[in-house]
Amino acid sequence: MFSSVDTIWVLLGAALVFFMQAGFCMVETGFTRAKNAGNIVMKNVMDISAGSIFFWLIGFGILFGDDVAGLIGKPDIMLLGDSIGGDSYPKLAFLIFQTVFCATAATIVSGAMAERTKFVAYLCYSIVISALVYPISSHWIWGGGWLYELGFHDFAGSTAVHMVGGAAGLVGVFFLGPRIGKYSKDGKVNAIPGHSLTLGALGVFILWLCWFGFNGCSTVSMTGDDSLISASLIFVNTNLAAAAGAFTACAITWFKYGKPDVSMTLNGALGGLVAITAGCDAVLPYGAVLIAIIAGVFLVFGIEFLDQKVRIDDPVGAIGVHGICGAVGTILVGVFAIDGGLLYGGGAGLLGVQTLGVAAVFAWIVVAMGIAFFVINKTVGLRVTKEEEIVGLDITEHALSSSYADFATNITTISEETPHVPVVSGEKPKATDGLKMTKIAIITRESKFDELKNALSDVGITGLTVTQVLGAGYQRGHAEYYRGAPLEVKLHPKVRVEIVVCKVPVSVVVEAAKKVLYTGGIGDGKIFTYNVESVYRIRTGEKDYDALQDEVY
């Protein structure tokens with residue numbers, strides 16, 4: 001008879017791990033450029049779609065079917081046979097729980113291979129890893145295979161899920177090569193920032209939340225005191241590891257670059273989560289913190305080493321987060337595990353098994369995915385053309401002109417230029433011929449627009465022309481870094497406000513603008529003035545001063 005509590009616990013875990021797809025989608029989209037956002041979304045959607053179908057068709061049976069020589073499970077097509085379920089929950093509940101784990105392994109590769117991979121090639125990859133590659137190595141660990149028999153401990157998938165995804169991404173990037181412009185001919189590394197750290201942060205918080213299901217619900221039971229205590233420990237260890245990973249990455253980048261790196265800190269939280277996944281049930285909270293700290297160090301220096309020395313172009317740091325931290329976390333179980341760990345008098349036995357397991361799974365992924373990517377490259381091709389990559393995959397792969405159509409900062413725009421002088425009793429001022437007209441253009445931060453508009457209104461300026469622009473600048477001696485690579489020129493969103501004055505003195509307008517825009521920091525903006533020869537109103541033919549007067553609509 002099934003347990004209602006255990007079944008609900010397994011299904012809750014499945015739902016939380018499913019929602020990790022949204023987290024990965026946000027992280028990958030935010031850490032890449034806007035011209036590829038729709039392509040990233042499609043790949044994440046197809047990861048869960050392909051994973052659901054092909055893992056159900058064949059992958060689940062290979063993972064949990066009757067063991068064959070410790071290497072593979074007996075296939076159970078569409079679960080028509082007797083592959084494993086559970087004593088306290090239905091087989092279908094276990095199927096959906098394991099399906100979302102498989103899809104997680106698949107989606108990790110999307111970030112590493114982002115911005116230059118053909119969509120059809122990625123779809124082929126997703127099918128291969130979901131149906132064959134992931135199930136085989138996971139069978140070794142969870143399905144009664146040879147690593148399971150040796151005592152290899154990977155509770156929720158630091159190696160089985162995350163290192164598999166990271167290693168597959170490494171192989172894929174090797175075949176793809178770097179993005180255009182990432183590395184100069186003179187050997188210089190060029191940072192290519194993502195378009196939205198806000199989306200990236202949202203994704204990290206979603207993943208942090210869902211990881212409680214990824215790790216905690218892997219107990220697949222909430223019956224009995226032992227299960228309750230284990231789940232509680234897992235939740236605490238999971239949260240502490242994420243916090244320690246983020247803190248470590250923040251501290252290291254702060255020390256190295258003078259300022260804490262946002263994207264690397266976000267990666268640090270994920271790296272801590274990945275690292276603790278293998279031993280979240282087997283270590284005490286202090287062990288979880290130490291594992292995450294060690295993983296955080298490996299993460300920061302590992303990402304920089306891959307990016308700057310090995311020339312592995314991974315836009316989101318997936319190889320470092322999942323590959324490196326997954327391997328480190330799994331091996332450290334042999335050090336910090338209460339039962340059998342090196343620090344608890346267990347000797348080096350478990351540590352040796354953990355190291356062997358990591359090496360074996362890594363070798364399997366390199367060989368299997370190497371063959372898969374080689375075949376895909378020779379048939380449909382892996383990489384888009386140079387022209388397609390430059391334009392962006394949204395338009396070339398999906399006929400999507402922009403993932404952010406009609407999206408703009410909320411700025412009130414008044415296209416009619418200003419009168420600058422109040423007209424008393426409806427009478428036109430006299431002696432307007434020959435008055436000097438000056439155009440003033442102000443470029444500044446978008447966040448300062450409302451203050452600027454109010455200040456201009458106070459000196460009699462009520463009409464503006466406003467456009468959104470991007471500004472690029474570099475201040476000598478002021479180095480900026482993105483994921484360890486220096487940024488020399490960076491585009492920042494700005495607002496350009498244009499007005500034409502005739503009666504109001506230019507100096508009055510300039511001083512009013514300077515007063516509200518000044519912060520003393522880089523990026524306050526600039527003010528330009530130009531002489532205007534003539535102004536014509538198209539509808540009435542009015543000229544110069546008369547053309548500048550407000551119309552009543």
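1. The side chains of E389 and R383 are joined by a salt bridge with an N to O distance of 2.8 Å, a salt bridge being a side-chain nitrogen of Lys or Arg within 4 Å of a carboxyl oxygen of Asp or Glu. E389 is buried at a relative accessible area of 3%, whereas R383, at 25%, is partly exposed; here buried means under 20% relative accessible area, exposed over 50%, and partly exposed in between, with a 1.4 Å probe and protein chains only. Please keep in mind that this is a predicted model, in which local features need pLDDT of at least 70 and side-chain atom pairs count only at pLDDT 80 or more, while totals for chains, interfaces and linings use all residues. Residues are numbered from 1 along each chain as its sequence is written, and side-chain values use heavy atoms, with hydrogens and water left out.

2. A salt bridge also links R445 and D524, again at 2.8 Å from N to O. Because R445 belongs to strand β3 (residues 437-445) and D524 to the loop between α16 (506-517) and β8 (526-532), this pair ties together parts that are 79 residues apart in sequence; helices (H or I, at least four residues) and strands (E, at least two) are DSSP runs, numbered from the N terminus. R445 is partly exposed, with a relative accessible area of 23%, and D524 counts as buried at 14%. Elsewhere, R33, E115, R179 and D313 are joined into one network by salt bridges that share partners.

3. The count of salt bridges comes to twelve, and one of them pairs K182 with D307, whose closest N and O atoms are 3.1 Å apart. K182 sits in the loop between α6 (158-176) and α7 (197-216) and D307 in helix α10 (residues 285-308), so the contact ties together parts that are 125 residues apart in sequence. K182 is buried, with a relative accessible area of 5%, and D307 is buried too, at 9%.

4. Helix α7 has 20 residues that should span 28 Å at 1.5 Å a residue, and its end C-alpha atoms are 28 Å apart, which agrees; the expected span is 1.5 Å times one less than the number of residues. A kink of about 30° is nevertheless found in α7, centred on C210, where the bend at a residue is the angle between axes fitted to the seven residues ending there and the seven starting there. Of the 20 residues of α7, 14 are buried, so the helix is largely enclosed by the rest of the structure.

5. Helix α3 is mostly covered, with 19 of its 22 residues buried. Its end C-alpha atoms are 34 Å apart against an expected 32 Å, which agrees.

6. The structure holds two cavities of 30 Å³ or more, a cavity being a set of points on a 1 Å grid over the protein atoms alone where a 1.4 Å probe fits but cannot get out, with lining residues having an atom within 4 Å of a point. The second largest cavity has a volume of about 90 Å³, and α1 (4-30), α3 (91-112), α9 (262-276) and α11 (318-336) each supply at least two residues of its lining. Among the residues that line the second largest cavity are F24, E28, I108, N267 and H322.

7. G326 lies in helix α11 and is buried, with a relative accessible area of 0%. The C-alpha atoms of G326 and G271 are separated by 7.9 Å, although these residues are 55 residues apart along the chain.

Conventions: On a 1 Å grid over the protein atoms alone, a cavity is a set of points where a 1.4 Å probe fits but cannot get out, and a pocket is an open set with protein on both sides within 12 Å along at least five of seven lines; lining residues have an atom within 4 Å of a point. Grid points are joined across faces, edges and corners, and a volume is the space filled by probe spheres set on the points.
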